[in-house]
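User: I've got a structure to go through. Can you walk me through it?

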Amino acid sequence: MSRVSPALRSLFRQPTSSQWLKTTAVRSSPTWTKPAYQPIRCLATPAAMPSASKENIGVYCNPSHDLWVKESGPSAEQVKSGQALKEGEVTIAIKSTGICGSDIHFWRHGRIGPMVVEHDHILGHESAGEVIAVHPSVNNLKIGDRVAVEPSQICNKCEPCLTGHYNGCLEMRFMSTPPVDGLLRRY
């Protein structure tokens, strides 16, 4: 039997029928517009607080099916300094992360096919937030831009990547798929 910290129970509650109807009504209303989507290449650990003033914490699971919150990297100091940014990368203050079925599978079952949780692992890959740091090589985003995170980390060298079909990249690493940690954290 798995242990879940009380603080996390609310993350995994099913919406009531009235909450579901409100969400459906808003999305289907004639005034609702689809948010702009801009795929970006980001750090495996995006940032969470616009000021990066709080320590980074993540939601972890493990092979024993435990679920808990603890400190994770990068540190607030690393985020503030911007030294961790590589060419083509930005830091994002995560504002929202959805709980996906794959997150539940990794937590409850410890695996999805050949992808197995073998160590402590941070969940989450359906995230959105605000850009708080930009590497000088990035020219299509600026600090303050609101973005949806593309959780695929591609090679940018193979034919599928170079022709815009990055979903076919054989070297792709996907956030929240072991051993790559996910985005259910501050940074």
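Analyst: Below are short answers on the fold, the cores, one loop residue and a sheet. Keep in mind that this is a predicted model.

User: How many helices and strands are there?
Analyst: The protein has five helices and ten strands.

User: What share of the residues is buried?
Analyst: Of its 187 residues, 38% count as buried.

User: And how much surface is exposed?
Analyst: The protein exposes about 11,300 Å². Carbon and sulfur atoms supply 54% of that area.

User: What about contacts between residues at least 24 apart?
Analyst: Taking contacts between residues at least 6 apart in sequence, 70% join residues at least 24 apart.

User: Which residues make up the largest nonpolar core?
Analyst: Eleven residues do: V90, I92, I94, V131, V138, L141, V147, V149, M175, V180 and L183.

User: Which strand gives the most to this core?
Analyst: Strand β3, residues 90-98, with three residues.

User: Is there another core?
Analyst: A separate core has eight residues, including C61, L67, F106 and W107.

User: Back to V180. What does V180 touch?
Analyst: Setting aside residues up to four places away in sequence, V180 touches H121, Q153, R173, F174 and M175. M175 also belongs to the largest nonpolar core, as does V180.

User: New topic. Where does S72 lie?
Analyst: S72 is in the loop between β2 (67-71) and α3 (76-81).

User: Buried or exposed, that S72?
Analyst: S72 counts as buried because its relative accessibility is 13%, and the cut-off for buried is under 20%.

User: What is S72 in contact with?
Analyst: Neighbours within four places in sequence aside, S72 is in contact with N56, I57, G58, Y60, I122 and R185.

User: Now the open sheet. What is the strand order?
Analyst: Three strands form it in the order β3-β7-β8, and the pairing is antiparallel.

User: Which ones are the edge strands?
Analyst: β3 and β8 (146-148) are the edge strands, since each pairs on one side only.

User: How are neighbouring strands of this sheet turned against each other?
Analyst: By 30° on average, with direction ignored.

User: What holds strands together in a sheet, generally?
Analyst: Strands of a sheet pair through backbone hydrogen bonds, in a parallel or antiparallel way.

User: How many bridges are there between β7 and β8?
Analyst: Three bridges, with β7 (residues 126-134) and β8 pairing in the antiparallel sense.

User: And which residue in β8 is the bridge partner of A128?
Analyst: A148 is the bridge partner of A128.

Definitions and conventions:
Residues numbered from 1 in each chain as written. Predicted model: local features only at pLDDT ≥ 70, side-chain atom pairs only at ≥ 80, totals over all residues. Heavy atoms only, no water. Helix = DSSP H or I, 4+ residues; strand = E, 2+ residues; numbered from the N terminus. Buried < 20%, exposed > 50% of the residue type's maximum accessible area, 1.4 Å probe, protein only. Contact = heavy atoms within 4.5 Å. Areas by Shrake-Rupley, 256 points an atom, 1.4 Å probe, with all protein chains shown as cover. Core = buried A, V, L, I, M, F, W, Y, C linked by side-chain atoms within 4.5 Å. Pairing = 2+ DSSP bridges. Axes fitted to C-alpha atoms, helices over the stretch in contact; angles between N-to-C directions.
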